[in-house]
Amino acid sequence: MAQERQSAATRGPVALYVHIPFCCYNCAYCGAFKVSASEVTYDPFLQAVEREWALVREEEGLDEGVEISAIYVGGGSPSLFGAPRLGRLLEILRGGITWHESIELTLESHPASLDGELGGSLQAAGFNRLQVRVESFRDEELAALVRGHTGAEASAAVQAVSAAGFPELGLELLYGIPGQNLDHWTATLKEALRLPCSHLVITRTTPRDEALPERLLRGRFGESPLDESLLAQYQAAARRLVEAGFEHYEIESFARPGSRSRYAELFWDRQRCYGLGPGAHSFDGAVRWRNAADLEIYLAQLLEVGHRPPRERYRLSPENAGQEELWLGLRRSEGVTWERLAGFLGEQRIALLQRKARLLAAQGFLEFTTDRLRIEPQAYFVAESVVRELIRALEGEPS
Ligand code: SF4
């Protein structure tokens, strides 16, 4: 164990995720673990996170030379927690460990609980990046999603936070919302481009109970059925954002130069990420686990028993890890290197994979070079199906 820890401490950058489950909204598509906002629980929750962080550092060997590069605070609706408590959270996370000198500190936020004053306080508390879940700027769509804010309110919140001097602002937008056509989507993109944002994530509207970390925990990889209207929306977004100077660096992610999300990149690169809070996912390079999604159990276990919350665990075989390398690496514009893949898949599997990859490259889905494999940008929309084909070839299945 000590040896495993020592080698873990020398491997790559490390990220943290904190799940603050409190929320007072009721979005129609929500699959996140959340509980009603209740101020009396906020301080015990912070104490529990502090206790969990100490136990994670000790039990996962993080006190031994590890440096944290990125922290993402999500939820729930963490901006409801207020700047003083969020500042206290950062102090807790700073305890007993080294932070990278230019650590990325991101807070996910809901436009209805965001304004210039909060933006200034969050910045003073140490956050340097906000991910604002705008979803749409069209009121009919926001009402259908039960988001609890209008498009104008979302724009005003983003502008106010920017005017308060917040350095990096990211927006999340949904496409494929029922009733949304290409013109509506184009109008939403236009408004996003008018605002001072440096990062954009566009996500297909799907039930959130199949979010990516959940699928990884269960080793479940999906397909991307071709839907012409969704394809048109996706392509319109990619074209407009690239024309506006954004780099399309991951299937759903676009960034101004220098504004990529480090936290997201560590996730796609399968670096270690430790999750704190009920329902939070973690990955230590060999095992994925998820804390029980139950606030009462989380608080009782940490504050009364003094142990970490119960966890669902999934240890990856080399084959599982190789599949994840394909699944996650091929989402990125850099793709995945043969060297990385060879670390998990033997020569025979690499040969099977290369045979299939050459066929898919000849059909225009992949770029196959001597050192790596990449999805061609025109095939990003069907990337999951392309990866599925590669995994079938690895498993020796006819496609
Ligand atoms: S704000 Fe987030 S956690 Fe709350 S209901 Fe909406 S999607 Fe779910």
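Me: Where does Arg270 sit in the chain?
Reply: Look in the loop between helix 10 (262-268) and strand 11 (272-276); helices and strands here are DSSP runs, H or I of at least four residues for a helix and E of at least two for a strand, numbered from the N terminus. This is a predicted model, where local features need pLDDT of at least 70, side-chain atom pairs count only at pLDDT 80 or more, and totals for chains, interfaces and linings use all residues. Residues are numbered from 1 along each chain as its sequence is written.

Me: What makes Arg270 buried or exposed?
Reply: A residue is buried if 20 or more other C-beta atoms, placed from the backbone, lie within 10 Å of its own, exposed if 12 or fewer, and partly exposed in between. Arg270 has 20 C-beta neighbours inside 10 Å, so it counts as buried.

Me: And why is Val146 called exposed?
Reply: Val146 has 12 other C-beta atoms within 10 Å, so it is exposed. Its place is in the loop between helix 5 (139-144) and helix 6 (151-163).

Me: What is the phi of Arg270, and what is that of Val146?
Reply: Most residues other than glycine have a negative phi. Arg270 has a positive one near 60 degrees, and Val146 has a positive one of about 55 degrees.

Me: How do you know which strands are at the edges of the sheet with order 15-17-16?
Reply: Two strands pair if DSSP finds at least two bridges between them. Strand 15 (residues 336-337) and strand 17 run antiparallel with two bridges, while strand 16 (residues 366-368) pairs with strand 17 over three bridges, also antiparallel. That gives an open sheet of three strands. Strand 15 and strand 16 are its edge strands, as each pairs on one side only.

Me: Which residues face each other there?
Reply: Thr337 stands opposite Arg372 in strand 17. Leu373 of that strand is the bridge partner of Val336 and also of Phe368. As for the hairpin, three residues join strand 16 to strand 17.

Me: Which residues are on the covered face of strand 17?
Reply: In strand 17 (residues 372-375), Leu373 and Ile375 make up the covered face, and Arg372 and Arg374 the uncovered one.

Me: What makes the largest nonpolar core a core, and who are its best-connected members?
Reply: A core is a set of buried Ala, Val, Leu, Ile, Met, Phe, Trp, Tyr and Cys residues joined through C-beta atoms within 7 Å. This one has 93 residues, and Ala15, Leu16, Ile71 and Leu200 touch the most other members. Strand 1 (residues 14-20) gives the largest share, six residues. Domain 1 (2-268) and domain 2 (318-394) each supply at least three; those bounds come from an automatic or database domain assignment. The domain centres, taken over C-alpha atoms, are 27 Å apart.

Me: What does Leu16 touch?
Reply: Leaving out residues up to four places away in sequence, Leu16 touches Ile68, Ile71, Leu93, Cys273, Tyr274 and Leu276. Contact means C-beta atoms, placed from the backbone, within 7 Å.

Me: Which residues are around the ligand, and how do they divide?
Reply: With a C-beta cut-off of within 6 Å, the residues around the ligand include Cys23, Tyr25, Lys34, Ser77 and His110. The shell divides into five nonpolar, five polar and one charged.

How values were computed
Nonpolar A, V, L, I, M, F, W, Y, C, P; charged D, E, K, R; others polar. Contact = placed C-beta atoms within 7 Å.
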